[in-house]
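Before the model goes any further, here are some comments on its nonpolar and aromatic side chains, set out as numbered points.

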Amino acid sequence: MKKLTLAIAAVMVAFVMTSCGGDSPKEKIMKATDEFFTQAEKELQNITNGDDFMAHFYQFEDDKQSFLQNVFADLTPP
């Protein structure tokens with residue numbers, strides 16, 4: 001009887017663990033944020049003068065705002 005109970009419990013635990021799989025919203029945000037800033041770092045490496053830096057700075061501010069809106073829009077339920 002104990003073995004049967006243990007086997008049923010093991011099956012239930014396995015079912016719960018597989019149903020909870022997938023990326024959580026926190027993991028999705030962290031992954032998207034890492035990708036966003038990795039791209040920004042790559043763009044910064046190509047800058048060689050002050051004018052290009054200022055242009056990148058202003059464009060980055062716009063990109064950052066749209067990124068934040070998109071990330072949080074994806075999380076809100078329909």
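1. Aromatic pairs. The model is a predicted one, and it holds 5 aromatic pairs. One of these pairs joins Phe36 and Phe37, whose rings are edge-to-face, with 5.2 Å from centre to centre and 80° between the planes. The two partners may be read separately for burial: Phe36 counts as buried because its relative accessibility is 16%, under the 20% limit for that class, whereas Phe37, with a relative accessible area of 38%, is partly exposed.

2. A pair within the surface patch. The rings of Phe57 and Tyr58 have their centres 5.5 Å apart and their planes at 70°, and the pair is therefore edge-to-face, since planes over 60 degrees apart fall into that class. Phe57 has a relative accessible area of 36% and is thus partly exposed, while Tyr58 reaches 52% relative accessibility and so counts as exposed, the cut-off for that label being over 50%. Tyr58 has its place in helix H3.

3. The nonpolar patch. Phe57 and Tyr58 also belong to a nonpolar patch on the surface, which they form with Leu44, Phe53 and Met54. Taken together, the residues of this patch have about 480 Å² of accessible area. Helix H3 gives the most to the patch, with 4 residues.

4. The largest nonpolar core. Which residues make up the largest nonpolar core? The core consists of 5 residues in all, namely Phe36, Ala40, Phe60, Phe67 and Val71. Two elements each give two or more residues to this core, helix H2, which spans 25–45, and helix H3, which spans 50–75. Of these contributions, the largest share, 3 residues, comes from H3.

5. Contacts of one core residue. Val71, a member of the largest nonpolar core, touches Ile29 and Ala32 when residues up to four places away in sequence are not counted. Those two partners may be worth displaying alongside the core itself when the model is inspected.

6. The aromatic cluster. Phe36, Phe37, Phe60 and Phe67 form one aromatic cluster. Among its members, Phe36, Phe60 and Phe67 are also listed in the largest nonpolar core, and the partly exposed Phe37 is joined to Phe36 through the edge-to-face pair described in the opening point.

Note on methods
Residues numbered from 1 in each chain as written. Heavy atoms only, no water. Core = buried A, V, L, I, M, F, W, Y, C linked by side-chain atoms within 4.5 Å. Buried < 20%, exposed > 50% of the residue type's maximum accessible area, 1.4 Å probe, protein only. Contact = heavy atoms within 4.5 Å. Patch = residues over 30% accessible without salt bridge, like charges linked within 9 Å, V, L, I, M, F, W, Y side chains within 5 Å. Areas by Shrake-Rupley, 256 points an atom, 1.4 Å probe, with all protein chains shown as cover. Salt bridge = Lys/Arg side-chain N within 4 Å of Asp/Glu carboxyl O. Phe/Tyr/Trp six-rings, centres within 6.5 Å; stacked < 30°, edge-to-face > 60°.
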